[in-house]
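Dear colleague,

I am handing over the structure below, and my notes on it follow directly after. Please read them with the coordinates open beside you.

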Amino acid sequence: MRAVDVEEASSICMGRCRAACCQGPLVLRLSREEVDDFRSRAASLGLGPVRARTLEDGGGLVRFTDYPGDRCPMLDPDTWACRIYSHRPGRCRDFPERLTPGCPLSEVVFGEDDAGGG
Ligand code: SF4
């Protein structure tokens with residue numbers, strides 16, 4: 001496993017796969033503590049209301065297909081950057097935990113990347 005700093009990770013995610021993990025038919029799980037914060041940050045950014053299906057434990061599920069372009073509402077489609085990167089949810093911070101198909105960052109972190117570029 002190789003450590004990757006924020007700059008390198010951003011370069012890989014924005015330049016090589018355009019944040020594939022933040023778009024498509026995926027669901028982002030928020031903890032109970034994260035739901036209100038996520039909603040208020042979206043409102044502060046003028047992104048409109050966040051629809052999050054409420055879970056039994058008080059957490060929420062944000063379904064990307066509910067938003068334009070089938071993207072996480074926090075993903076900037078012009079830059080492929082997360083608009084709340086320093087405050088992103090725990091699920092986003094933890095990803096990727098392992099080598100993941102279609103995720104070039106995971107290939108770098110978990111040692112399967114020998115190409116050095118996209
Ligand atoms: S909050 Fe940010 S890192 Fe997490 S899925 Fe949305 S755009 Fe991606």
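Strand β2 and strand β3 (residues 60–63) pair in the antiparallel sense over two bridges, where strands are DSSP runs of E with at least two residues, helices are runs of H or I with at least four, both numbered from the N terminus, and two strands count as paired if DSSP finds at least two bridges between them. This is a predicted model, in which local features need pLDDT of at least 70 and side-chain atom pairs count only at pLDDT 80 or more, while totals for chains, interfaces and linings use all residues. Residues are numbered from 1 along each chain as its sequence is written.

Within this pairing, T54 has G60 of β3 as its bridge partner, and the hairpin of β2 and β3 has five residues between the strands, with G58 taking a positive phi near 95 degrees. On the other pairing, β1 and β3 are joined in the antiparallel sense over four bridges, and R29 stands opposite L61 in β3. Together the three strands form an open, antiparallel sheet in the order β1-β3-β2, whose edge strands, β1 (27–30) and β2 (53–54), each pair on one side only.

The side chains of β3 alternate, so that G60 and V62 point to one face and are buried, whereas L61 and R63 point to the other and are not; buried means that 20 or more other C-beta atoms, placed from the backbone, lie within 10 Å of the residue's own.

The largest nonpolar core, a set of buried Ala, Val, Leu, Ile, Met, Phe, Trp, Tyr and Cys residues joined through C-beta atoms within 7 Å, has 20 residues, and L30, V62, C72 and L105 have the most contacts inside it. At least two of its residues come from each of α1 (6–15), β1, α2 (32–44) and α4 (104–109), and α4 gives the largest share, three residues. Leaving aside neighbours within four places in sequence, L30 is in contact (C-beta atoms, placed from the backbone, within 7 Å) with residues including V35, F38, V62 and P89.

Finally, the residues that surround the ligand (C-beta atom, placed from the backbone, within 6 Å of it) include C22, C72, R88 and P89.

With best regards

Methods: A residue is buried if 20 or more other C-beta atoms lie within 10 Å of its own, exposed if 12 or fewer, and partly exposed in between; C-beta atoms are placed from the backbone. Two residues are in contact if their C-beta atoms, placed from the backbone, lie within 7 Å.
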